[in-house]
Amino acid sequence: MSKRISLDRILQSQGFGTRKWCSELIAAGEVEVAGVTVTDNRVAMETEGLIFKVYGETWIYREKLYIALNKPGNYECSRKASHHPGVLSIFPEQFDRRGVQPVGRLDHDTTGLLLLSDDGLFIHNQSSPRHHIPKAYEVSTHDPVTPELIAMFIAGVKLHDEPVPLAAASCRIISSHLLEVVLKQGKYHQVKRMVAAAGNHCIALRRSRIGGLGLDGLGLSEGHWCYLGARQLAQLAPD
Ligand code: URA
């Protein structure tokens, strides 16, 4: 929704700092709109499609951020990362200031598709178990993948601390030591624990798809990210 608001408020909303700091940036001649340096922060601007520069770097106004990251290994999803750097350190610092956070968690050693946003409702809807959004994982295993393991995953695997067996929505062998598992739940370490309960061991885990949005379609290599538009967000809905 487009709004007309003062430039200092616009910069604040985009994560450039407090309103006072943003006013100072403007007064110091560090902000440009349409090729013109704006030094009066009271000028109201239309937010829709607004392109501006801060310290010579170009930004597009975005009311909310929706981001897909191909998460590299050795990054933590928690906000207070302790043993490894946090995923937010991959992004411009403005994102953290705007309150961007990962949608759900991947383990520090899991790679692949991770969504991030500063839209609380979106985060809630995506994370809510009630929405059953299927998530596909590629699992590299220590021992060969057997048809028995696939059968167990489809029938349901009983995990310690889980009251009922957890089943995969689908599961298929990709090659001798690689399988694809699609889950509609997101229990703690679920894939690794299911693989262990079936007598094998997960040696690498990559999330390849959330709903109908796949990493391959996004063309993101590990460590890279992109903004998601309306078309891609629509693909996140359950099949
Ligand atoms: N299942 C796991 O075991 N780990 C993840 O990171 C995601 C799903």
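Which atom of the ligand has a backbone N or O atom of Val191 3.2 Å away? A nitrogen atom does. Keep in mind that this is a predicted model.

I'll stay with the polar contacts to the backbone for a moment. Next to Val191 in the list of surrounding residues are Gln190 and Lys192. For Lys192, a backbone N or O atom lies 3.1 Å from an oxygen atom of the ligand. For Gln190, a polar backbone atom is 3.5 Å from an oxygen atom of the ligand. On burial, the ligand taken alone exposes 240 Å², and the protein buries 94% of that.

Now the shell as a whole. Besides Gln190, Val191 and Lys192, the residues around the ligand are Leu106, Asp107, Thr110, Tyr137, His189 and Leu205. By class, the shell splits into four nonpolar residues, three polar ones and two charged ones. Which helix gives the largest share of the shell? That is helix H6, residues 190-197, with three residues.

As for the site itself, the ligand takes up the space of the largest pocket.

Last, the domains. The assignment for this protein has three entries: domain 1 covers 4-60, domain 2 covers 66-129 + 213-234, and domain 3 covers 134-210. Where does the shell come from in those terms? Domain 2 and domain 3 each supply at least three of its residues. As for domain 1, its C-alpha centre and that of domain 3 lie 48 Å apart.

To recap: the ligand occupies the largest pocket, domain 2 and domain 3 each give at least three residues to its shell, and the protein buries 94% of the 240 Å² that the ligand exposes when taken alone.

Definitions and conventions:
Residues are numbered from 1 along each chain as its sequence is written. This is a predicted model: local features need pLDDT of at least 70, side-chain atom pairs count only at pLDDT 80 or more; totals for chains, interfaces and linings use all residues. Side-chain values use heavy atoms; hydrogens and water are left out. A residue is near a molecule or strand if one of its heavy atoms lies within 4 Å of it. A polar contact is a pair of N or O atoms within 3.5 Å; within protein, one must be able to donate a hydrogen and the other to accept it, and residues adjacent in sequence count only if both atoms are side-chain atoms. Accessible areas come from the Shrake-Rupley method with a 1.4 Å probe; for residues, only the protein chains shown count as cover. On a 1 Å grid over the protein atoms alone, a cavity is a set of points where a 1.4 Å probe fits but cannot get out, and a pocket is an open set with protein on both sides within 12 Å along at least five of seven lines; lining residues have an atom within 4 Å of a point. A molecule sits in a cavity or pocket if more than half of its atoms lie within 2 Å of its grid points. Helices (H or I, at least four residues) and strands (E, at least two) are DSSP runs, numbered from the N terminus. Ala, Val, Leu, Ile, Met, Phe, Trp, Tyr, Cys and Pro count as nonpolar, Asp, Glu, Lys and Arg as charged, and the others, Gly among them, as polar. Domain bounds come from an automatic or database domain assignment.
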